[in-house]
Amino acid sequence: MAQDGQESVELLLRGYRAFVAGDLEALEGMLDPDVEWVGAGSEAVVVSRADVLDVLAERVVEGYHVTVDRAIGLGDLVVVSMRFSRVERDPTDERPLQSRRSYLVGRYAAVVHTRGGRVVRVEEHPHLASALEAVGLDDDAA
């Protein structure tokens, strides 16, 4: 177990940098072969490194811009909060500088479980307060 959570945070940040660079090979090495990914507010669970990589590859192709706001290490757990955005082009407008674009902006929070230098489980949450509550912290304490 990572004593203070620093190793787990560093793993998460390496994964973040690999995602931003589109380096799916590096991400593959950071995911346990039996990684579980639980979606926020749903019972949907992805239980395969290949499936998780497929989802991450889709997000890379979709051109998401992602920024880590907070990463709180707690032993083998990391509570993470991120912002994401992307431009959605109008498919009916072929001009290179479209005037009819929409901007998708959102937030993402999760509890990331690590073991042996790999991500073994990701539990998505609707917001940071929910992720903090899941690990027994409140927003003021973190």
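The lining of the largest pocket is mostly a nonpolar affair: in this predicted model, its residues split into 23 nonpolar, 2 polar and 3 charged. That makes up a lining of 28 residues, with Trp37, Leu56, Met82, Tyr108 and Glu124 sitting nearest the pocket centre. The space inside comes to about 810 Å³. Plenty of elements chip in, as α1, α2, β1, β2 (45-46), α3, β4, β5 and β6 each supply at least two lining residues. Helix α1 provides the largest share, 5 residues.

Turning to the packing, the largest nonpolar core holds 21 residues, and the ones with the most contacts inside it are Leu27, Leu31, Val52, Val80, Val112, Val119 and Val122. At least two core residues come from each of α1 (6-21), α2 (24-30), β1 (31-38), α3 (49-61), β4 (77-88), β5 (102-115) and β6 (118-125). Here, too, α1 gives the most, with 5 residues. Val52 offers a handy view of how this core is put together: leaving aside residues up to four places away in sequence, Val52 touches Leu31, Val35, Trp37 and Val46. A separate core of 7 residues lies apart from the largest one and includes Ala109, Val111, Ala131 and Leu132. In soluble globular proteins, nonpolar side chains do tend to be buried together.

Not every buried residue is nonpolar, though. Arg86, in strand β4, has a relative accessibility of 18%, so it counts as buried under the 20% cut-off. The side chain of Arg86 has a polar partner in that of Glu62, the two being joined by a polar contact of 3.4 Å.

Terms used:
Residues numbered from 1 in each chain as written. Predicted model: local features only at pLDDT ≥ 70, side-chain atom pairs only at ≥ 80, totals over all residues. Heavy atoms only, no water. Core = buried A, V, L, I, M, F, W, Y, C linked by side-chain atoms within 4.5 Å. Buried < 20%, exposed > 50% of the residue type's maximum accessible area, 1.4 Å probe, protein only. Helix = DSSP H or I, 4+ residues; strand = E, 2+ residues; numbered from the N terminus. Contact = heavy atoms within 4.5 Å. Polar contact = N/O pair within 3.5 Å; in protein donor to acceptor, adjacent residues only side chain to side chain. 1 Å grid on protein atoms, 1.4 Å probe; cavity = no way out; pocket = protein on both sides within 12 Å on 5 of 7 lines; lining within 4 Å. Points joined across faces, edges and corners; volume = space filled by probe spheres on them. Nonpolar A, V, L, I, M, F, W, Y, C, P; charged D, E, K, R; others polar.
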